[in-house]
Amino acid sequence: MTLRTLMMAGMVSLLPVSAAQADCAFENETPVKVLSAGFEAWKAVTDAMAECGNVDAELDQEFRTKQPAAFAANPSLYHIGGVANGTITPLLNEGTIRPLDDLVAEYGENLAPNQLIKVDGQTMAIAMMVNTQHLMYRQDIFDELGLEVPTTWDEALEVAAQIEEADVVDYPLGATMKSGWNLAQDFNNMFLGYGGQFTDAESMPTVNTEAGVNALEMMKALTEYMDPEYLVSDSTYVQQQFQQGKIAMANLWASRGAAMDDEAESQVVGKVNAAAAPLAMEGGAPATTLWWDGIVIARNISDEQAQAAFRVAMEGLDTEMVKANNDAAIWLISGYQPNRLAEGAIATASAEPAPPSYPSTSQMGLMHTALGNELPAFFTGERDAEATLAAVEDAYITAAQEAGLIE
Amino acid sequence: MKFRTFAWFVGPSVLMMLLFIAFPLVSVFLQSFQVTQPVVETVEVETCTPGFVGQTCVTETKTTPVLDANGNPVTTTEWVGLLSYTRLLQFDQVGAAIASGAFSSILAIDFWKALRFTLTFTLVTLPLVIGLGLAIALAVNNAARSVRGQIIFVSLLPFIITPVIGALSIRWLFYGDGIVTALLEDMLATDISVAANGWAIEFLMMFYRVWHVAPFAFVIFYAGLQTVNQDTLESAIIDGASRFERLRFVVVPHLMPLIIFVALIHLMDAYRAFEEVVGFSSQAHRITLQWLTYDLLTPDDAGNRAISRASASAMLTMIGIVILLIPLLRRTWRDHKGSAR
């Protein structure tokens, strides 16, 4: 190889970098570190941030265990944090993130008002996308069998029975029911759908109620149409069941939609559609919760660093990024064009009455853990519904006493 | 050796042991009798979160920690005696279960469920590991010299593989439409769901542990076999001892100290089984004591972690190991005293 070709190769490899840096409105001189979850949307956002230079992004699905301690350090180990409505709680509680109103006024001219997460009037986070669990289904199977898309879970049971009878897929239903966090979240959806309340004003648990029993009974009825290994089935498992054509419908995260049309992985490209999450009871809200993902800025850093971090974040959350990654999420950022698979999430979020946001409270964190640990016994048949819910309440009370939330 | 030299040699090691074993242990021991809580207050908070089009604002009463002047949460630490232990052991529920005759419901309580599985797991795998290790060692010892190297290498492979990866590879063979499951389904023309059955998962977890640890036992026993007194063996043959009798009366007694050593290590390792639960995602059906400690220590989304109960659980696990080891340690101690006399 001659020196000339070497130089050419060097220039070619440099080209994309300089072109990419041109995409950022300013050249960032201050080192900025980001800690966020690791799914596709975060990859898109942090890549866009990196265009400004001096950005070091850590995408880690275990971010939730690292973030509280890392942000409590002084100086904070990260400048920008990626959070969701569940994971912002410890940061808010311990006061390790800063109000963003001044920065929004100065640099946030492109933000839509509904992106600002306000706590007591102060902007504490900037949302970038919404996420929810809603009904995804195989349009081709529904057409072939002449089935209506179910709007309630009772209808879903009937539809599942018909699909089972027609024997067109391995299992009519899939569900994110892996024991632990996923199973608890599946219960939360159904429980809220039946009008349940997790705790009362004194932080005492109120899940051992009619709504709780109804939710468990409905979930159990649905498992009849699932792969019997549903207690190890997380979001990725259900996504793969869809992609491999093994299931016909599931209440799955909107953020998994793009994977259905990924030609490299999916055998059902263009065949999966999304609809609003079914209702658990007539007149109720869809049996699901609304989630948002967004960014926060650490408190324990200098104002200059915070400023640089915020400007970098704004570059990550701009219209350009959304246009390049339109299908990676249900973006809240201007320039987003909802595609076929986003319809379900939008229908869910704009239902009347609308499903609640996942509550970001300490109590909910404890309740989620208690549910995740105690519910499996109901599905393995070790305990009946009421005994299970009583055990959940006991576990919650013990944890809440230890955490000092109740006497 | 002069004391000074001796101290220089062991000093670093003692320091490390104090720093990384003794002090943490004391700290965990103390924490198991303490509860540290943030001072909390209830406040009205208005939170606005995005919908797809507009925003929804809700005002709710939230419990938030009180922050001090530096912005750090104020905490209180109290001595609570055995409270964390009672919360973990849940004797009131155990009592209620015994009174009502529903003994099986004891095993639905996390600690007892974990204890039941951990004990079964440890005691069932122990003889299998020793038996299989000894069998491989004898087989290799009797194999032709030319193939010994290859056989040793292959037998050691399971031990070299990272534990979680080993567990995952066995999981992938059986879970869902794994190769083995698919094969069995084809042969038997039925639908098999391994991960839906607690006993099947339990079996796989034990199978994995034996597969993973037997090579360790094999290496130790194989080394021991090289030192068996050949004269004794020959005279046993002349006396007309069969192959089994030679094993029973010459080889095994010679290997006894090593068998006890392997048993000690295995009991300690198996009692704190953890990677099996992660690898096989068995939480719904089977949990171990070590996993229980880990689970209590893992913060939830809101950042809560049950440190006191986790400490209590860790202490109980340690006590469990000590109890299991007592018979073996007593035996070693007796042998030691015997040989010293």
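Helix 5 of chain B and helix 8 of chain B cross in a left-handed way; a crossing is left-handed if the near helix is turned anticlockwise from the far one by less than a right angle, and right-handed if clockwise. This is a predicted model, where local features need pLDDT of at least 70, side-chain atom pairs count only at pLDDT 80 or more, and totals for chains, interfaces and linings use all residues. Residues are numbered from 1 along each chain as its sequence is written, and chains are lettered from A and ligands numbered from 1 in the order in which they are written.

Helix 5 of chain B brings S155(B), L156(B), P158(B) and F159(B) to the contact, among whose helix 8 residues are W211(B) and F216(B). Contact here means C-beta atoms, placed from the backbone, within 7 Å. The two helices are oblique to each other, that is, outside the ranges under 35 (roughly parallel), over 145 (roughly antiparallel) and 65 to 115 degrees (roughly perpendicular).

A second pair in chain B, helix 4 with helix 10, has a right-handed crossing. Here are both pairs:

| Pair in chain B | Axes come within | Crossing angle |
|---|---|---|
| Helix 5 (145-160), helix 8 (198-225) | 7 Å | roughly 125 degrees |
| Helix 4 (110-142), helix 10 (243-271) | 9 Å | roughly 145 degrees |

Helices are DSSP runs (H or I, at least four residues), numbered from the N terminus. Axes are lines fitted to C-alpha atoms over the stretch in contact, with angles from 0 to 180 degrees between N-to-C directions.

Now to chain A: its assignment, automatic or from a database, gives domain 1 (25-129 + 291-343) and domain 2 (132-289 + 348-403). Their contact takes 17 residues from domain 1 and 15 from domain 2.

Conventions
Contact = placed C-beta atoms within 7 Å.
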